[in-house]
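This briefing introduces a single protein structure to a reader who has not met it before. Please keep the sequence and the model in view while reading.

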Amino acid sequence: MQALGRVTLLTTSFNISLISSISIYRLFFHRLHPFPGPFACKLTRFYSAFLAAKNIQYNVELKKLHEQYGNFVRTALPLIYGPHTECRKSTWYGHLDVDHTKICMALSRDFNDHRRRRRAWDRAFSIKLIALSVYEPRVIAQAKKLIAQIEANQGKPLDATTWSMLFTFDIMGDVGFGKDFGNLTMGKAHPAINAVRDHMRFIAIASHLPWLLNMLGKLPGAAAGYQGFFKWCTDQVESKRKVSSPPYSSAGLTQQSWDHEKYPQDIVSWILKAFIDNDVSAPPSEPALHDDSRVVVIAGSDTTASALANTIYFLAKHPQVLRKLQTQLDSAMPNGPQSWTYDRTKPISYIDDIIHESLRLRPPVSSSGYRVTSSKGLQIDEVFIPGDVNVFVPPQLIQTDERYYKFSKQFIPERWGEKKVEWGTDKAPYFPFSLGVYGCVGKNLAMLSLRVAVSTLAQRYDIRFAPGETGEACVSAEEVVVTRLFLNISQVCYFWMWTCESSS
Ligand code: HEM
């Protein structure tokens with residue numbers, strides 16, 4: 001008993017001394033201690049996780065911190081994210097596995113590995129594929145299904161957030177895998193998708209402690225909730241492989257799922273082709289291949305859904321913007337919705353202005369893009385950030401900063417059009433898709449999906465808040481959805497949309 005008491009005393013004093021010395025070091029001697037910030041934040045990363053857990057609104061908490069502690073970053077954007085930056089993906093990206101050969105390209109922290117693998121993705125997202133009638137008709141087909149559902153529910157309030165989500169997940173099923181999730185047809189989410197969304201909230205908090213998430217992920221059954229989604233993606237990859245043939249027979253495959261003349265018709269097939277061809281851009285292992293396939297859905301769906309829901313919210317909130325857009329759509333297509341074609345919408349730059357303004361005010365990935373400085377450190381104006389330090393520029397804060405944008409909190413799409421030069425918009429920082437080598441590979445596909453959805457909806461309908469709906473929940477963004485990959489606090493706002501035939 002006495003021995004036990006001694007051991008307890010020894011362990012307790014050891015732990016107290018250890019924790020005290022770590023705390024004293026972090027508070028007073030750490031190389032970052034001159035940087036202002038909350039006391040608790042200097043002591044432990046659990047504080048960041050705590051902030052992230054508050055309403056899952058890390059971007060809002062960050063805003064408060066900046067208001068309290070100020071900021072020093074003035075020229076940081078190109079230095080941290082620009083094409084010639086020496087900053088790399090931070091420890092945040094190691095939250096699944098630190099071994100880059102086992103994880104998706106998007107989480108790879110090895111610069112050369114990422115650069116090699118990114119080439120296969122760039123091929124899958126080339127403008128040629130997006131524009132040359134490969135992905136475009138499929139996005140349009142999904143938009144038609146969305147319209148059919150709205151027609152069937154005419155006069156009833158519609159949950160704009162859910163329908164945006166069903167639309168974009170279906171696009172990623174089709175363009176990503178050549179498979180239909182069937183969300184829009186069924187009017188509800190495929191079970192595999194629900195599992196993903198259920199787990200996003202937890203990941204958003206826990207990814208602030210990458211080491212913890214890493215450990216938890218190794219526990220048996222930890223990813224049980226994801227299993228339906230994992231299985232769906234794995235089954236799709238495997239069925240694509242089964243139908244491949246020479247020159248793929250060396251991989252034990254029998255029949256060809258794409259020919260070299262035609263090329264793959266979906267994103268995952270491009271990555272699989274690189275894998276089977278042993279191309280330098282291929283995922284380096286089976287687990288990496290499968291993780292890549294999952295990222296297609298995770299990175300592509302929720303982000304675009306948030307962007308669409310937010311844009312619809314702004315159109316409902318600003319009827320004069322909707323009317324202006326409708327007038328332009330009507331003069332480009334005087335025969336009404338039957339004459340809608342994507343080509344006819346292309347000259348209407350106001351569609352893009354609306355989307356950019358929505359992405360400026362509410363970037364779906366509002367707190368992601370953690371980078372680590374090179375071992376030399378980084379000089380930003382008069383401030384030196386030491387080497388191997390995690391840095392981050394929050395897009396929403398910068399994009400709504402009065403120093404760069406006139407009437408910065410207001411929704412004014414004209415700042416991207418006729419006011420562009422006068423208001424200096426082209427010189428203002430804007431990076432909803434991030435920038436540089438790690439910038440969003442799916443940007444063109446996302447823009448295509450948004451343009452198609454916004455133009456078809458606006459041409460057909462007057463969009464108003466449903467009775468009793470103010471859209472305030474959207475402003476405070478109480479409801480959020482977060483994706484695994486990007487610490488994505490995707491500001492999906494729940495509001496009910498009221499649609500009726502456009503009166504213009
Ligand atoms: C409006 C919609 C979208 C937004 C706002 C968005 C935003 C972003 C941002 C900010 C990043 C950088 C994240 C980081 O630094 O960690 C990123 C990366 C990425 N996005 Fe998107 N994204 C969108 C749509 C898509 C789509 C449709 C896809 C298609 C699969 C996609 C796939 C990816 C991938 C794979 C990466 C990782 C790129 C890399 O590490 O090289 N995104 N996206």
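The points below move from the whole protein to one helix, the ligand surroundings and two individual residues.

The structure is a predicted model. The protein contains 22 helices and 10 strands. Of its 504 residues, 40% are buried.

**Overall organisation**

- Among contacts in the protein with a separation of 6 or more, 71% join residues that are 24 or more positions apart.

**Helix α13**

- Helix α13 comprises 16 residues, from 227 to 242.
- At 1.5 Å a residue, this helix should span 22 Å, and the distance of 22 Å between its end C-alpha atoms agrees with that expectation.
- The buried residues of α13 are Phe229, Trp232, Cys233, Gln236, Val237 and Lys240.
- Viewed down the axis of α13, these buried residues lie within an arc of 125°, and they therefore line one face of the helix.
- Turned away from that buried side is a face of α13 that carries the exposed residues Gln227, Lys231, Glu238, Ser239 and Lys242.

**Surroundings of the ligand**

- The ligand has 23 residues around it, of which Ala299, Gly300, Thr303, Cys440 and Gly442 come nearest.
- Two elements, α15 (286-317) and α21, each give two or more residues to this shell.
- Helix α15 supplies the largest share of the shell, with 7 residues.
- Sorted by class, the shell consists of 15 nonpolar, 7 polar and 1 charged residues.

**Cys440**

- According to an unreviewed UniProt entry, the annotation "binding site" covers Cys440.
- In the model, Cys440 is also among the residues that come nearest to the ligand.
- Cys440 lies in the loop that runs between α20 (420-423) and α21 (443-460).
- Cys440 is classed as buried because 20 other C-beta atoms lie within 10 Å, and the cut-off for a buried residue is 20 or more.
- Leaving aside residues up to four places away in sequence, Cys440 touches Phe433 and Ser434.

**Leu457**

- Leu457 belongs to helix α21, an element that also gives two or more residues to the shell around the ligand.
- Leu457 counts as buried because it has 24 C-beta neighbours inside 10 Å.
- Although Leu457 and Pro337 are 120 residues apart along the chain, their C-alpha atoms are separated by 9.6 Å.

Terms used. Residues numbered from 1 in each chain as written. Predicted model: local features only at pLDDT ≥ 70, side-chain atom pairs only at ≥ 80, totals over all residues. Helix = DSSP H or I, 4+ residues; strand = E, 2+ residues; numbered from the N terminus. Buried ≥ 20, exposed ≤ 12 C-beta atoms within 10 Å, placed from the backbone. Contact = placed C-beta atoms within 7 Å. UniProt positions renumbered as here; feature names shortened; annotations may be inferred. Expected span 1.5 Å × (residues − 1). Arc of directions from axis to C-beta. Near = placed C-beta within 6 Å. Nonpolar A, V, L, I, M, F, W, Y, C, P; charged D, E, K, R; others polar.
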